[in-house]
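Me: I would be grateful for a close look at one part of this model, namely the charged side chains and the enclosed space they may border. Please set out the pairings in a connected account.

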Amino acid sequence: MAATQMQGRGPSKGNIELFSPTYFAACGLGGIISCGPTHTAVTPLDLVKCRRQVDANIYSSNFSAWRSIFAKEGLRGVFFGWAPTAVGYSFQGAGKYGFYEVFKYYYGEKLFPNANKTVVYLGASASAEFLADIALCPFEAVKVRMQTTLPPYANNLREGWSKVTAKEGLGGLYKGLYPLWGRQIPYTMVKFATFETTVNQIYKTLGKPKESYNALQQTGVSFLGGYIAGIGCAVISHPADVMVSKLNADRQPGESGGKAMSRIYGNIGFKGLWNGLPVRIAMIGTLTAFQWLIYDSFKVSLGLPTTGGH
């Protein structure tokens, strides 16, 4: 089994020392920049996906959905839910990328230096996502309620947050945490492990070490690796994504999570867990590709190496 191979601690091409607290903070900032804007940009896709997950017959197609929403509510309606998306996924991005770099370094370099690289990627990404979702969950809960109820549960983030906490307390913002972990942790494990493995394979196929390519070429590899990883992410996490949408829209007061999931599954069946998958593949593939492109471009701008390919 291949052992992890990481660069030793030392200066990068810029002024930031690799694997220093400043380096990890920079990676967290890169996560905010890569995740917040990209998730916000695909709000129209997410809006239709969530509504079709809750009610498969609400629209005949994605384009008819956008036409209908735009005709009634204009551009604001098409981007409905953008605020909790922007805030929530910015927090999540900081934790996902920042803590991934922390755990990858400590697991692979300090705790298990002879471990298989893929195992390190999987463990680091799972640990990072576990923490990142705690920050994301309240905003995801508000977003899903806003997007999946007609008329809307709330018209903006502040109103939605206030209504949930007034009726259910802070616990109401976290009632979807376990399903969120169930969706996001496998998603992120696939996202990071597949990306790292794909990027390594691309450089092997090209026949030259990563360092022999310029920054533009390296970030191009990041984009391609990200898109391939995104397709896998979408498929493996989709059933849990559907369940999160259903739980936030249809969980009854006082109903346990297990009971709610059993009731919802009884209503929609196995086939219902795959509602909206083509949209999600298009959304997540594109999203993941641009996230890795932005993240690694940000690292390059600071004089740091791109991710993977070592």
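Reply: The model is predicted, and it contains 11 salt bridges.

One of these bridges pairs K299 with E101, and their closest N and O atoms lie 3.3 Å apart. The two partners come from distant parts of the chain, since K299 belongs to helix 10 and E101 to helix 4, with their positions 198 residues apart in the numbering. K299 has a relative accessibility of 3% and therefore counts as buried, the limit being under 20%. E101 is buried as well, because its relative accessible area is 2%.

A second bridge joins the side chains of R183 and E140, with an N to O distance of 3.2 Å. This pair also links distant parts of the chain: R183 sits in helix 7 and E140 in helix 5, 43 residues apart. Both R183 and E140 are buried.

The bridge between E168 and K175 has its closest N and O atoms 3.9 Å apart, which falls within the 4 Å cut-off for a salt bridge. Its two ends fall into separate classes of accessibility. E168, at 33% relative accessibility, counts as partly exposed because that class lies between 20% and 50%. K175, with a relative accessible area of 18%, is under the 20% limit and so is buried.

Some of the bridges share partners, and through them D46, K49, E140, K143, R183, D241 and R280 are joined into one network. The R183 and E140 pair described above is thus placed in a wider set of charged side chains.

The enclosed space can now be considered. The structure has three cavities of 30 Å³ or more, and the largest of them has a volume of about 180 Å³. Its lining comprises 20 residues, of which H39, D46, Y89, R183 and M283 are the closest to the centre. Two of these names, D46 and R183, have already appeared as members of the salt-bridge network.

Several helices contribute to this lining. Helix 2 (43-54), helix 4 (82-111), helix 5 (117-148), helix 7 (177-206) and helix 10 (277-301) each provide at least two of the lining residues. Helix 4 and helix 10 are also the elements that carry E101 and K299, while helix 5 and helix 7 carry E140 and R183.

As to its chemical character, the lining of the largest cavity is made up of nine charged, six nonpolar and five polar residues. R183 thus connects the two topics: its side chain forms a salt bridge with E140, and R183 is among the residues closest to the centre of the largest cavity.

Key. Residues numbered from 1 in each chain as written. Predicted model: local features only at pLDDT ≥ 70, side-chain atom pairs only at ≥ 80, totals over all residues. Heavy atoms only, no water. 1 Å grid on protein atoms, 1.4 Å probe; cavity = no way out; pocket = protein on both sides within 12 Å on 5 of 7 lines; lining within 4 Å. Points joined across faces, edges and corners; volume = space filled by probe spheres on them. Helix = DSSP H or I, 4+ residues; strand = E, 2+ residues; numbered from the N terminus. Nonpolar A, V, L, I, M, F, W, Y, C, P; charged D, E, K, R; others polar. Buried < 20%, exposed > 50% of the residue type's maximum accessible area, 1.4 Å probe, protein only.
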